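Thanks for passing this one along. Here are my notes, point by point, to read alongside the structure.

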Amino acid sequence: MTALTVPARAERDVSPRPVPWRRMAWVTWRQHRIALAGVAALLGAFAVYLELSGLQMHHAYAALIACHPADSTACQDAGALFTGSYGIKGVIAAILLQAVPALIGAFIGAPVLGREMETGTFRYAWTQGFGRWRWALAKLVLLAAVVTAAAGAFSLLFSWYFQPLFAVGYTIPFTPMVFDLRGVAFAAWTLTAFAIGALAGMLIRRVVPAIAATLAGYAGLAFAAGLFLRQYYTTPLVTNKPDLPGSAWAVSQWYAKDGKFAFPARGSQLVDAVMQLCHGGTGRGPGISGPGSPAQCLTQHGYTLWTNYQPGSRFWPFQWIEGGWLLALSVLLIAVTIWLVRRRAA
Amino acid sequence: MNVVETSGLGKRYGRTWALRECALAIPAGHVTALVGPNGAGKTTLLNLAVGLAEPSAGAVTVLGGVPAGSPAALDGIAFVAQDAPVYKNLSAGDMLHVTGNLNHRFDRAYAQDRLAELGIPLKQKAGRMSGGQQAQLALTLALARRPRLLVLDEPVAMLDPIARHDFMATVLAAAADGVSVLLSSHVLAELERVADYLILLSKGRVQVAGQVEDLLAAHRMLSGPAGEADRYADRPVVHVRRGEAQAHLLVRAGAQNPVPDGWEAHPVGLEELVLAYLREPGAAALPGPARGRGATMTEVAR
Amino acid sequence: MGSGPGGGDGKIAPSGRVAAGSAIEFRLDPGSGVPTYLQLVQQVEHALRLGYLKPGDQLPKVRDVVASLAINPNTVLKAYKELETKGLTAGRPGQGTFIQATLSQVALPELTGLRRSLSGWLAAADGAGLDRDGMVALFSSALRDFYERRRGSRTRGSPASGETEGVA
């Protein structure tokens with residue numbers, strides 16, 4: 001070009017300093033504010049419910065423990081009434097809340113990269129001065145921090161809500177559907193769901209399939225952890241006493257004879273043994289040890305009931321263990337996602 | 001300075017080579033048109049130049065030797081991909097804000113003035129704009145970054161004639177201000193008006209590369225008796241079209257070469273030249289070792 | 001698209017009108033076969049002949065021409081350079097390109113003499129059997145060769161940019 005035209009340009013660096021990280025805060029907020037508002041609405045709605053219902057339950061509980069004398073029929077009936085009405089509500093709330101981390105992970109995590117790939121806007125975002133992997137890292141870390149913090153705060157509310165039901169012995173903290181809503185577990189599961197969503201979005205490159213994959217993947221992981229993994233975080237204690245301490249979590253039970261394993265305390269082998277030895281028994285379920293029950297019958301025949309259990313005091317160590325491996329998994333998933341962003345050819 | 005320089009550049013997707021043995025040296029200060037049929041490798045080449053793809057073979061550097069995709073390259077190059085991607089649920093003003101945050105350099109005043117000139121309200125959501133407006137928005141954002149090189153992938157394919165004209169007018173005005181432009185195009189008819197450097201890609205290879213002026217000066221159309229057409233096979237003939245009595249030969253020879261007796265020589269237009277080369281995949285016209293103006297066209301194996 | 005403000009500050013309104021301050025406006029005829037830069041040169045010469053442009057007038061700024069016609073800026077630069085080479089314009093750095101001469105530089109007696117010899121040629125061509133288009137074709141071809149030879153000898157060492165006028 002000749003001297004007739006003068007370029008209107010500012011001076012430029014040969015190798016520029018990176019664009020500051022903090023710039024991504026507004027960008028992330030503006031792009032994802034609808035989804036974040038959705039999460040806020042979801043958690044907010046639940047929070048309002050827990051607050052109102054929880055206040056009711058706490059009042060009822062306070063009235064319950066003020067009841068004197070404690071072992072009169074009137075107070076016993078009041079206790080039954082309490083567990084009858086509030087117990088089921090608590091269970092339903094806990095079941096519904098199982099879905100929350102999955103929904104957050106799917107609807108916040110999957111679109112971060114999934115929508116960019118699907119709509120082609122990555123061709124805009126990854127050619128800006130900020131650079132593609134820094135852009136992805138900033139977004140994912142910011143969103144992860146926000147959803148994890150929100151989930152953490154929410155689980156404090158849930159713990160307060162559920163307290164009376166623990167106090168009356170309706171259920172124990174180790175119960176799977178409640179364990180993962182309290183302590184650090186709820187925040188950790190939400191973070192993991194988000195990380196799964198982010199990776200799914202980057203791998204699948206379409207939002208709706210990525211959401212589906214996130215929900216499925218999270219469900220699989222959560223079931224596996226709750227049903228199979230969690231009981232063995234530390235080696236369970238073993239006892240042959242029929243009654244466990246109050247908040248202990250029975251992991252498994254079996255019958256032994258003469259020091260040797262005989263059969264598990266549920267299932268077809270138990271039924272066969274009871275039929276053989278107890279001539280049918282009274283038909284009530286195993287483990288109920290009133291006179292004439294199958295449990296007493298087996299004891300009379302020399303069988304001992306052994307129980308693997310986790311004492312209630314291990315609740316917090318288990319929370320930290322679960323939180324720890326979920327955190328490590330989340331970091332790994334996000335690292336893989338960033339690696340894919342760096343590596344991916346258009 | 002060469003805004004884009006490649007040596008032995010190749011890109012493979014699975015087993016297929018989308019681009020092979022690509023050797024280019026695009027000088028700064030030009031509007032370069034990248035032309036070729038669908039699947040020729042135009043988008044691949046552009047993606048490699050802006051850092052959206054990694055080479056499978058060879059190397060590509062930009063803006064005078066900077067590795068493509070590096071922070072310095074991202075800083076100096078603005079890219080508008082096909083269909084002018086913008087975030088459809090954000091407003092024009094939001095897109096200004098986002099782009100400003102993602103770059104070192106952003107001339108917000110220019111961008112706002114330009115959008116006002118175009119009649120695009122800042123509050124308008126990008127998804128509700130017409131195709132032409134979206135394209136102009138994407139272009140405004142790119143130019144507001146004050147790039148040294150503007151890369152456009154089929155920018156006007158989806159635009160109506162007026163939108164197309166206005167878009168290209170904006171691009172060319174930027175070129176007048178000193179921005180080098182590299183754009184891929186299907187529309188051959190407008191090439192001669194717009195481009196002064198041409199790259200013709202065919203089946204993943206560079207067939208033609210050079211200044212438009214030099215290319216046109218180095219080719220002529222010879223018209224003469226069909227019977228004599230084969231006699232001139234020793235000349236660098238690019239393409240032959242023949243009727244019963246008359247034949248036209250597109251030859252790689254300049255005005256200084258003598259015209260055979262009984263034959264007429266005509267100059268060639270760019271569209272005719274490009275079409276001829278597209279019809280002859282084996283022919284090529286690439287610049288010789290000397291760079292810059294004055295380089296003669298040398299023939300590569302036919 | 002809405003219409004924006006046209007203005008004397010050189011900004012281009014979306015309607016594409018060149019800002020006030022320039023006497024003429026260029027147009028483009030893509031189908032004429034005449035190269036773009038040559039069309040611009042011819043339009044300036046034509047405007048000079050007809051009196052639209054006088055010495056001292058400023059030609060449209062390169063950027064404005066580019067924005068309104070959507071053509072390559074180097075084309076405009078080439079046209080302006082050609083006009084400068086012909087001595088018709090002069091560039092003032094930072095200001096633009098200005099007309100500095102008029103076109104009627106051939107003296108009247110010469111013009112009359114040229115016209116007479118041309119009429120003779122036309123009569124001879126007519127007698128040989130050429131029709132109107134034939135005369136035009138022959139004249140254009142000879143004109144082109146004349147300028148090619150002259151350009152080839154004048155610009156030795158750089159590539160022949162070649163007259164690229166279309167032949168009828």
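1. What is the mean pLDDT of chain A, and what share of its residues reach 70 or more? This is a predicted model, and for chain A the mean comes to 87, with 91% of residues at 70 or more. Among the elements of that chain, helix H6 (residues 185–204) of chain A has the highest mean pLDDT, 96, and helix H9 (residues 294–300) of chain A the lowest, 78.

2. Please take care with the start of chain A. Over residues 1–11 of chain A pLDDT stays under 50, and the model has 19 contacts beyond four places in sequence for this stretch. Where pLDDT is low, predicted coordinates should not be read in detail.

3. Now to the hairpin in chain A. Strand S2 (residues 249–257) of chain A and strand S3 (residues 260–264) of chain A run antiparallel and are joined by 4 bridges. A:Trp254 has A:Pro264 in S3(A) as its bridge partner. There are 2 residues between the strands of this hairpin, and A:Asp258 takes a positive phi near 55 degrees.

4. Next, the side of chain B that touches chain A. Here 32 residues of chain B are in contact with 30 residues of chain A. On the chain B side, the elements that give two or more residues are helix H1 (42–50), helix H2 (71–76) and helix H3 (92–102) of chain B. The largest share, 6 residues, comes from H3(B). By class, the residues on this side of chain B are 15 nonpolar, 10 polar and 7 charged.

5. H3(B) deserves a second look. It is mostly covered, with 8 of its 11 residues buried. Among these buried residues are B:Met95, B:Leu96, B:Val98 and B:Leu102, and the list also includes B:Asp94 and B:Asn101. What do the buried residues of H3(B) pack against? Their partners are helix H1 (23–65) of chain A, together with helix H4 (108–118) and H5 of chain B.

6. Staying in chain B, consider a helix pair. Two packed helices are described by the angle between their axes and the distance between the axes. For helix H5 (residues 131–144) of chain B and helix H6 (residues 161–176) of chain B, the angle is about 10 degrees and the axes are 9 Å apart. H5(B) and H6(B) are therefore roughly parallel to each other, since angles under 35 degrees count as such. In H5(B), B:Gly131, B:Gly132, B:Ala135, B:Gln136, B:Leu139 and B:Leu143 meet residues of H6(B), including B:Phe167 and B:Val171. The contact of H5(B) with H6(B) has 7 nonpolar and 4 polar residues, and no charged ones.

7. Chain C has 5 helices and 2 strands, and from the N terminus on its elements run α-α-α-β-β-α-α. Of the 168 residues in chain C, 24% are buried. For contacts in chain C with a separation of 6 or more, 54% are between residues 24 or more positions apart.

8. One residue of chain C to close on: is C:Ser68 buried or exposed? C:Ser68, found in helix H2 (residues 62–69) of chain C, has 23 other C-beta atoms within 10 Å and is therefore buried, as 20 or more are needed for that. C:Arg115 lies 47 residues from C:Ser68 along the chain, and their C-alpha atoms are separated by 39 Å.

Definitions and conventions:
Residues numbered from 1 in each chain as written. Chains lettered and ligands numbered in written order. Predicted model: local features only at pLDDT ≥ 70, side-chain atom pairs only at ≥ 80, totals over all residues. Contact = placed C-beta atoms within 7 Å. Nonpolar A, V, L, I, M, F, W, Y, C, P; charged D, E, K, R; others polar. pLDDT = per-residue confidence, 0-100. Axes fitted to C-alpha atoms, helices over the stretch in contact; angles between N-to-C directions. Parallel < 35°, antiparallel > 145°, perpendicular 65-115°, else oblique. Pairing = 2+ DSSP bridges. Buried ≥ 20, exposed ≤ 12 C-beta atoms within 10 Å, placed from the backbone.
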